[in-house]
Amino acid sequence: MPLVERSQASAPADEREIDSRRPDEAADRSIAEISFLRELCKATAQITDPELEVLDHGGWRERKTAAWLIAVSRRTRFRDKIGALLHASEGP
């Protein structure tokens, strides 16, 4: 008996039912994630450069968020500044 069949055979019936539903749940989750990312990408186009600069003057979380928004919206104007920050960072 293959390993997958053995593990399912030894699992209680309710666990086997959960396992059989996982592909559908994963598909639903993927659709939801794709939809969320689409909307997030649209939102990156709406944030202004001055708003990104405000985030850039905050703490590391704000700078990381600003860098992500800048990258997703492909704003090359900030490239040198982000590069300098990455080069100077002491983190892993």
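Start the tour at arginine 74, in the loop between H4 and helix H5 (79-88). The model is a predicted one. Check the backbone at this position: arginine 74 has a positive phi of about 55°, although the residue is not a glycine. With the surface switched on, arginine 74 shows up as exposed, at a relative accessible area of 74%.

**Along the loop**

Select arginine 75 next, again in the loop between H4 and H5. Is arginine 75 buried or exposed? Its relative accessible area is 17%, and because the cut-off for buried is under 20%, arginine 75 counts as buried. Show its side chain together with that of serine 73: the two make a polar contact of 2.8 Å. Then display what surrounds arginine 75. Beyond its neighbours within four places in sequence, arginine 75 is in contact with Thr44, Ala45, Ile47, Thr48, Asp49, Leu52 and Ile70.

Move to arginine 77, which also lies in the loop between H4 and H5. Arginine 77 has 53% relative accessibility and therefore counts as exposed, the cut-off for that class being over 50%. Which residues does arginine 77 contact, leaving aside neighbours within four places in sequence? They are Asp49 and Glu53. Put a distance label on the side chains of arginine 77 and glutamate 53, where there is a polar contact of 2.9 Å. For aspartate 49, label the C-alpha atoms instead: arginine 77 and aspartate 49 are 9.2 Å apart by that criterion, with a sequence separation of 28 residues.

**The H3 and H4 pair**

Now select residues 49-56, helix H3, and residues 60-72, helix H4. A helix pair of this kind is described by the angle between the axes and the distance between them. Here the angle is about 145° and the axes are 7 Å apart. To see the contact itself, show Leu52, Leu55 and Asp56 on H3, then Glu62, Arg63, Thr65, Ala66, Leu69 and Ile70 on H4. Coloured by residue type, the contact divides into five nonpolar residues, one polar and three charged.

Stay on H3 and pick aspartate 56, which is found in that helix. Its relative accessible area is 13%, so aspartate 56 is buried. Not counting residues up to four places away in sequence, aspartate 56 touches Arg63, Ala66, Lys81 and Leu85.

**The core**

Nonpolar side chains tend to be buried together in soluble globular proteins. Which residues make up the largest nonpolar core here? Select Ile47, Leu52, Leu69, Ile70 and Phe78, five residues in all. Centre the view on leucine 69. Apart from its neighbours within four places in sequence, leucine 69 is in contact with Thr44, Ile47, Leu52 and Leu55.

**The whole chain**

Finally, zoom out and colour by secondary structure. The protein chain has five helices and zero strands, and its pattern along the sequence reads α-α-α-α-α. With residues coloured by burial, the buried ones make up 11% of the 92 in the chain. The surface exposed by the chain is about 7700 Å², of which carbon and sulfur atoms supply 57%. For a contact map, take pairs at least 6 apart in sequence: 48% of those contacts join residues at least 24 apart.

Terms used. Residues numbered from 1 in each chain as written. Predicted model: local features only at pLDDT ≥ 70, side-chain atom pairs only at ≥ 80, totals over all residues. Heavy atoms only, no water. Axes fitted to C-alpha atoms, helices over the stretch in contact; angles between N-to-C directions. Helix = DSSP H or I, 4+ residues; strand = E, 2+ residues; numbered from the N terminus. Contact = heavy atoms within 4.5 Å. Nonpolar A, V, L, I, M, F, W, Y, C, P; charged D, E, K, R; others polar. Core = buried A, V, L, I, M, F, W, Y, C linked by side-chain atoms within 4.5 Å. Buried < 20%, exposed > 50% of the residue type's maximum accessible area, 1.4 Å probe, protein only. Polar contact = N/O pair within 3.5 Å; in protein donor to acceptor, adjacent residues only side chain to side chain. Areas by Shrake-Rupley, 256 points an atom, 1.4 Å probe, with all protein chains shown as cover.
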